[in-house]
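I am opening my notebook on a new chain. I want to see how its parts fit together, one entry at a time.

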Amino acid sequence: MAGKVKWVTDIEKSVLINNFEKRGWVQVTENEDWNFYWMSVQTIRNVFSVETGYRLSDDQIVNHFPNHYELTRKDLMVKNIKRYRKELEKEGSPLAEKDENGKYLYLDFVPVTYMLPADYNLFVEEFRKSPSSTWIMKPCGKAQGKGIFLINKLSQIKKWSRDSKTSSFVSQSTKEAYVISLYINNPLLIGGRKFDLRLYVLVSTYRPLRCYMYKLGFCRFCTVKYTPSTSELDNMFVHLTNVAIQKHGEDYNHIHGGKWTVNNLRLYLESTRGREVTSKLFDEIHWIIVQSLKAVAPVMNNDKHCFECYGYDIIIDDKLKPWLIEVTVTWAHTLALPRGAVGHQGAHCNCMSLLLSCTECFTHITAFAFPSNLMRYDEELAQGDGADRELRSRAGQSLGPKAGRSRDSGRTVLTTWK
């Protein structure tokens with residue numbers, strides 16, 4: 001690819017455009033010859049559509065895989081992870097080992113989840129095992145906290161069904177799909193407030209899996225102190241960390257945006273829980289990310305012209321067990337950070353620069369120096385140095401908080417991230 005990169009986007013966001021211009025790239029229109037197209041989800045559908053699509057040339061790259069939704073749509077993410085578990089179990093993999101209650105020892109990183117209305121009867125059966133539990137309902141195709149609510153009674157589900165004008169759970173064609181997940185009601189709290197982690201992961205290819213994780217993620221805090229009280233189930237300022245929700249709260253801080261850097265979280269945990277425990281936690285988070293990507297790899301259309309930058313949302317419970325909540329693909333479209341947000345605006349810009357550097361790396365646009373704020377997982381390298389093989393053979397002592405990973409096994413997992 002000789003000369004300057006010619007770029008086009010149909011998303012008018014300054015964080016995108018500034019990074020393109022900073023690199024000296026040349027803006028063109030979609031009707032002209034282009035090398036790099038940052039597309040909306042709808043545009044990517046059209047590009048790869050049988051009816052409206054067209055063939056991309058060797059020097060063109062785009063920012064979505066054709067069926068990226070296999071990971072970023074809530075119901076499909078869970079479906080693919082469940083299938084991945086069953087396949088490993090069928091293969092006799094030690095990763096699929098279960099305890100005496102039938103729970104996965106090492107692949108239990110997503111909350112118990114059902115699809116509604118399809119899995120309603122299964123959900124009711126599970127609910128009645130623990131009728132005092134709280135569940136969270138989310139529409140499969142929405143983001144930014146839209147349409148989310150908590151329930152702790154079956155009657156609330158029936159009311160939701162009536163309100164959405166569906167006469168029966170058997171009738172699915174007219175009903176918006178939801179997922180209902182067991183609510184993590186024991187989240188780790190800092191200052192009495194619930195938070196989650198947003199981590200950015202760029203995938204350049206699924207087969208073999210090669211991904212990059214940006215080290216400078218951040219924590220998103222609720223504005224109201226957490227309580228598991230049923231009287232506060234409707235208070236989303238207590239339960240949802242989405243900025244789109246929290247920015248409307250009375251206590252929202254428009255200076256720092258209710259955020260911490262992941263580095264600050266590490267320092268806090270190291271000082272309160274210890275360095276070894278903290279390293280183990282982040283090791284587990286990195287492992288969860290790889291396993292989730294491996295879960296969707298077989299079904300992902302691994303087009304050589306594509307890459308993807310995912311936003312991973314992780315919640316840590318009070319036992320320091322990380323849970324994968326969801327993965328988003330539209331994070332760059334909805335940046336809403338205050339100007340002085342403790343470096344977070346800069347972190348987003350650096351993340352954009354980083355992922356652009358990654359695309360340069362695998363498309364050979366320019367020379368590339370591997371940045372220090374990036375971690376890389378390469379499936380071929382991991383298999384080459386024996387890390388994956390050792391990881392699997394030592395699953396019983398190394399993969400997961402319930403197994404109690406040793407120091408040596410912690411280092412074994414880390415060899416997969418460079």
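**Entry 1: the main core.** I am working with a predicted model. I looked for the largest nonpolar core and found 66 residues in it. Tyr206, Leu293, Tyr310, Tyr312 and Leu324 touch the most other members. I then asked which element gives this core its largest share. It is helix 10, residues 275-296, with 10 residues. Another core lies apart from it and has 15 residues, including Val5, Ile17, Trp25 and Leu202. I noted a general tendency here: nonpolar side chains are often buried together in soluble globular proteins.

**Entry 2: the whole chain.** I counted 15 helices and 16 strands. The chain has 418 residues, and 54% of them are buried. I also checked contacts with a separation of 6 or more. Residues 24 or more positions apart account for 67% of those.

**Entry 3: confidence.** The average pLDDT is 81, and 78% of the residues score at least 70. I marked residues 333-348, where the pLDDT is below 50. That stretch still has 36 contacts in the model beyond near neighbours in sequence. I marked residues 360-368 too, since pLDDT stays under 50 there. For these the model has 16 contacts beyond four places in sequence. My reminder to myself: where pLDDT is low, the predicted coordinates should not be read in detail.

**Entry 4: helix 10.** I went back to helix 10 and looked at Gln291, which lies in it. Is Gln291 buried or exposed? Its relative accessibility is 2%, under the 20% cut-off, so Gln291 counts as buried. Leaving aside neighbours within four places in sequence, Gln291 touches Tyr84, Leu95, Leu107 and Phe109.

Next I compared helix 10 with helix 9, residues 262-272. Their axes come within 8 Å and cross at roughly 140 degrees. The two helices are therefore oblique to each other. On the helix 9 side, the contact uses Val262, Leu265, Arg266, Leu269 and Glu270. On the helix 10 side, it uses Arg275, Thr278, Ser279, Leu281 and Phe282.

**Entry 5: strand 10.** This strand spans residues 193-206, and 13 of its 14 residues are buried. I listed its partners.

- Strand 9 (residues 189-190) runs antiparallel to strand 10, with two bridges. Leu189 stands opposite Lys194. In this hairpin, Gly191 takes a positive phi near 65 degrees.
- Strand 11 (residues 209-214) is antiparallel to strand 10 and joined by five bridges. Tyr206 faces Leu209 across this pair. Two residues lie between the strands of this hairpin.
- Strand 12 (residues 218-221) pairs with strand 10 in the antiparallel sense over four bridges. Phe195 has Phe221 as its bridge partner.
- Strand 14 (residues 308-316) pairs with strand 10 in the antiparallel sense over seven bridges. Val201 is bridged to Tyr310.

Tyr206 and Tyr310 were already in my notes among the residues of the main core with the most partners.

**Entry 6: the parallel sheet.** I found four strands in an open sheet, with parallel pairing and the order 2-1-3-4. Which strands stand at the edges? They are strand 2 (26-27) and strand 4 (61-62). Each has a single partner strand, so one side of each is left without a neighbour in the sheet. Strand 3 (residues 36-38) pairs with strand 4 over two bridges. Tyr37 has Val62 as its bridge partner there. Helix 1 (residues 14-22) lies across strand 1 (6-9) and strand 3. Helix 1 runs at about 175 degrees to strand 1.

Conventions
Residues numbered from 1 in each chain as written. Predicted model: local features only at pLDDT ≥ 70, side-chain atom pairs only at ≥ 80, totals over all residues. Heavy atoms only, no water. pLDDT = per-residue confidence, 0-100. Contact = heavy atoms within 4.5 Å. Pairing = 2+ DSSP bridges. Axes fitted to C-alpha atoms, helices over the stretch in contact; angles between N-to-C directions. Core = buried A, V, L, I, M, F, W, Y, C linked by side-chain atoms within 4.5 Å. Buried < 20%, exposed > 50% of the residue type's maximum accessible area, 1.4 Å probe, protein only. Parallel < 35°, antiparallel > 145°, perpendicular 65-115°, else oblique.
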